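Dear colleague,

Please find the structure below for your consideration. My findings come after it.

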Amino acid sequence: MKRTIIEVILALALVGAGAFGWTNFKGNQKATGQLTELKAASEEATKAVAEKEAAIKAAEEEMATLREEMAPLEGQAQQLAAVKAAMANGATLADLEAAYKSQKNLSAERQVGLGALRMLTKGAEDPAAIESFRKALQMSELGDRKNTICAAQIALSAAGEKVAVMADCIPKSAKGDKGDKAEKGGHGDKAAAKDGHSKDDGHDHAKDDGHGKSDDKKAPEKHAVHWSYEGDMGPERWGKEFPTCAKGKSQSPLDIRGPFVKSRVVVTTDYKEGPLKMINNGHTIQVNVVPGSKIRIDGVAHELLQFHFHRPSEEKIDGKPMAMVVHFVHKSAEGKLAVLGVLLKEGNENPGIKTLWANMPMEEGPEVAPEGVNFNPANLLPREFDFYSYEGSLTTPPCTEGVRFFILKSTVNVAKEQVAAFPFKRNARPVQELNGREITTN
């Protein structure tokens, strides 16, 4: 009996010890799990702290860089504030507007200057200021008045207008990666010419850009050429920077071939002699024309802005190009562009071109005006005035459409030596697709 009692007590003790051991085991297991969780949480917290510290360090470095970049801007801001305060009374603006009243047509540069003065005096949202900048862009769409175009685009953008700013106009500090990443503007299109843009006649180029005269006699800024007639930015790649060049459906030049549609349009010229002003803009030789010369299309006057040359001819007749072509670029009062094309066929020496070539600048640079030399654009026209006509575009970026072309059927001679003396071996865009357009003839 006594033995039995002892065995029972021992059994109960053993059970109690087992229960106690099991309880301790479960408790330890739970504690171990909690410790693992705490360790993981600690590691995550340490990682998060490290990331925050790295982010803070990067932010501090970026702030230091921004302070360095802001330092010169602070001085510029103070200068701008001083200029704005000086113009606030409006007296200078009133004087300038009074001085310009007597001028029928202001140059693109003067339109930008007038817009800038209005913006300083009356604010960025002044309708007259915005109108001045828009007029400047419209006048600059044919050439490479880069500074004028950039000034107008940036001003309109600052005023809240929807306008694409060319990549070349964006300050390096605003582009990121020290200016390596450039936004597309459009003319564009980098331009889209109507927003400002471009270089050509539609063409072409010039310091005035063509398109017209240039009031800036200073040498052009040295900047990267954003398009060319060969290489990485040749015609086949213009569309990467100037979308209309690739996507447009009414592009120029064309291979002119039948069938043709009969046209009743009447075109007459009234070109006058004036002082010779020439420019080599890196893409062509361009002659800027003083006001007074014009063509009339069904009685509507189009002022001759400039004429320039392509080698070989951009237009082809039944698949065949000529040695060269001269494009006369005109604009109506409503802003409509019209190009008169004269094909130059290799033959006898051309007296008019002889005069031009004797005075043309062989290297890219500012406009030159030989003292005492006058020229009449009519010297380059044939006697007969039959033509082919079609709706096209600028033949250089931004390839803006809505340009009316008249290509004369009669050619004009140019000597082989005169062709060879032209400083550009090739500056012609390949012919484009017709895309259902009609080519008319009178």
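The notes below cover one strand with its partners, and then a surface patch.

This is a predicted model, in which local features need pLDDT of at least 70 and side-chain atom pairs count only at pLDDT 80 or more, while totals for chains, interfaces and linings use all residues. Residues are numbered from 1 along each chain as its sequence is written, and side-chain values use heavy atoms, with hydrogens and water left out.

Strand β13 spans residues 337-347, and 8 of its 11 residues are buried (under 20% relative accessible area, with a 1.4 Å probe and protein chains only). Strands (E, at least two residues) and helices (H or I, at least four) are DSSP runs, numbered from the N terminus. Two strands count as paired if DSSP finds at least two bridges between them.

Strand β12 (residues 324-332) runs antiparallel to β13, joined by 8 bridges; here Val325 stands opposite Leu343. These two strands form a hairpin with 4 residues between them, and Gly335 in the turn has a positive phi of about 90 degrees.

Two parallel partners also join β13. Strand β16 (residues 401-408) pairs with β13 over 5 bridges in the parallel sense, with Val403 as the bridge partner of Leu337. Strand β17 (residues 412-415) is parallel to β13 through 4 bridges, and its Ala415 stands opposite Gly347.

Elsewhere, Leu73 is found in helix α1 (residues 2-87). Leu73 has a relative accessible area of 40% and is therefore partly exposed (between 20% and 50%).

Kind regards
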